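Me: Please go through this structure with me at the level of strands, helices and domains. I will ask and you answer, with the cut-offs stated.

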Amino acid sequence: MNLVVGIGLRANTSYRELRDLVDSALLEAGAGNVQLVVTVTNREAEPALQRLADDLNAELRALPPSELAEQAAPNPSSQVEDLTGTPSVAEAAVLAAGAELVVQKRRSASATAAVGRLPAPGYEPADREVVHRVIAERRDVRRGFLDVPIDDMLLTRVLEAAHRAPSVGLSQPWDFLVIRDLATRRKVHDLATAQRDAFAASLPDDRRSKFDGLKIEAILDTPVNLAVTCDPGRGGRHVLGRHADPRTTWFSAAIAIQNLWLAARAEGLGVGWVSFFEPAEVADVLDLPAHIELVGYLCIGYVDEFAAAPELVRSGWAKRRPLAWAIHHEEWGRRDASIVDDALQAGQNAVPAAGQQVRVIVGGDANDLKQANALVVDLRDDRPRADFGVLWRPARTPVEAVEFGVEIARDLALQGVGQLVVQVADSSEHAESLARGLNVGASACGLTHSTA
Ligand SMILES: Cc1cc2nc3c(=O)[nH]c(=O)nc-3n(C[C@H](O)[C@H](O)[C@H](O)COP(=O)(O)O)c2cc1C
């Protein structure tokens with residue numbers, strides 16, 4: 001544990017007195033290394049303090065009274081304030097160093113001492129920068145693969161990164177099936193092509209033509225394909241943390257893929273995740289045992305470049321969601337700025353958007369989905385059968401219904417929608433509120449919108 005000692009002292013305090021005081025405070029704090037001794041400006045030259053820092057092998061730091069005075073020290077003193085300009089020195093010095101106060105101020109005849117626990121240090125700025133850089137520059141790559149083999153040692157290093165991932169109960173439910181064989185890859189490719197065609201057929205015309213220009217896999221263009229699997233039962237009955245939420249097994253395997261993705265990026269290897277599959281069909285082609293499930297199918301190889309932005313953004317298929325939309329404080333829907341106010345403001349100078357038309361049927365049900373451009377919003381309390389054509393939004397209040405409406409419109413805009421036709425199929429207050437929210441959200445994103 002790293003400790004900080006805060007000291008207030010009069011001029012010419014003896015070393016013996018100071019050391020005894022600090023030793024008793026450190027005894028109470030428990031085991032740890034003193035990294036830092038902090039005092040108020042102008043006291044750092046006191047010989048006893050300098051010797052203390054030397055003997056403890058700690059850095060000596062002095063902070064101005066104004067900075068100390070800002071700290072919420074538990075034992076302030078008006079006498080100290082009159083003398084030094086801050087109501088607390090020792091405790092405030094600990095707090096100002098960014099530590100948690102663990103031993104409150106204790107005093108001797110002419111000194112005070114307090115002790116704090118410092119947080120374990122993060123990385124140096126340059127190292128931190130690299131971590132954030134690899135996160136930002138990781139890309140899903142489907143084009144531009146080079147016909148250059150991947151060294152086995154390098155692949156192992158990348159798999160090591162995957163294998164270091166956190167997992168529920170340390171169950172490490174993943175396995176990595178490395179596939180180089182062309183015949184196998186061709187079979188997998190055929191499956192992806194069939195799913196691609198099925199998805200294309202489900203799209204409205206304008207969206208389909210955009211999709212036709214997108215590449216969604218690189219199964220035959222990469223030297224290595226990797227099937228990342230999950231064994232949901234691995235470790236038996238008492239895997240810690242899994243019993244209440246079995247999904248954690250699949251989360252663990254997905255996190256392993258992210259580790260792999262980041263390590264691959266750092267090594268200059270492109271990775272593309274293909275999910276245009278019925279997982280059981282891939283399992284069949286790969287002859288997986290029945291208890292092993294496919295989590296991700298990855299295409300890996302050297303590439304001519306890593307694009308600065310996701311391919312779906314560059315092609316105009318989808319946009320990134322602002323972080324502020326995703327952060328709620330203390331309760332759902334409480335964002336830094338109200339989603340409705342934010343949308344009303346954005347609506348005043350929204351740039352008109354182009355894109356597919358969606359007919360949102362508020363209060364409808366799955367029977368309304370016959371047209372490819374229909375999207376149903378189901379407000380009932382009971383969860384409908386899973387269908388991506390039905391958005392389940394059981395709003396608890398009319399205000400929440402408005403917010404849900406704004407959110408739906410904004411998220412549709414991110415997925416390339418340019419026009420909304422809002423149809424209210426239920427006369428409840430919640431349905432009308434949600435429809436109002438849809439119109440506000442549509443205006444905010446520059447969508448053309450009308451009511452059917
Ligand atoms: C679980 C998952 C499945 C994905 N499936 C596919 C896919 O089948 N085809 C594809 O082209 N991209 C696929 N992607 C890549 C996403 O489109 C991509 O991550 C997203 O557009 C953001 O781009 P970026 O990864 O370059 O930041 C998948 C990504 C994830 C996480």
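Me: Over how many bridges do strand 13 and strand 14 pair?
Reply: This is a predicted model in which local features need pLDDT of at least 70 and side-chain atom pairs count only at pLDDT 80 or more, while totals for chains, interfaces and linings use all residues. Residues are numbered from 1 along each chain as its sequence is written, and side-chain values use heavy atoms, with hydrogens and water left out. Strands (E, at least two residues) and helices (H or I, at least four) are DSSP runs numbered from the N terminus, and two strands pair if DSSP finds at least two bridges between them. Strand 13 covers residues 417-424, and its parallel pairing with strand 14 runs over four bridges.

Me: Which residue in strand 14 stands opposite Gln419?
Reply: Strand 14 is the parallel partner of strand 13, residues 417-424. Opposite Gln419 stands Thr448.

Me: Which strands stand at the edges of the sheet?
Reply: The sheet is open, with five strands in the order 12-11-10-13-14 and parallel pairing. Each edge strand has a single partner, so one side of it is left without a neighbour in the sheet. The edges are strand 12 (390-392) and strand 14 (448-451).

Me: What angle does helix 15 make with strand 13?
Reply: Helix 15 (residues 398-414) packs on the sheet and touches strand 10, strand 11, strand 12 and strand 13; contact means heavy atoms within 4.5 Å. Axes are lines fitted to C-alpha atoms, for helices over the stretch in contact, and angles run from 0 to 180 degrees between N-to-C directions. For helix 15 and strand 13, the angle is about 150 degrees.

Me: How much area is buried between domain 2 and domain 3?
Reply: The domain bounds come from an automatic or database assignment, which gives domain 2 as 125-314 and domain 3 as 323-451. Five residues of domain 2 are in contact with seven of domain 3. Buried area is the accessible area (1.4 Å probe) that two parts lose on being put together, summed over both. Carbon and sulfur atoms give 47% of the area buried here, which is about 380 Å².

Me: Which residues in domain 2 lose the most area to domain 3?
Reply: Together they account for 90% of what the domain 2 side buries. They are Pro204, Asp206 and Arg207.

Me: How many salt bridges does the rule find across the interface of domain 2 and domain 3?
Reply: The rule asks for a side-chain nitrogen of Lys or Arg within 4 Å of a carboxyl oxygen of Asp or Glu. Across the interface of domain 2 and domain 3, the number of salt bridges is zero.
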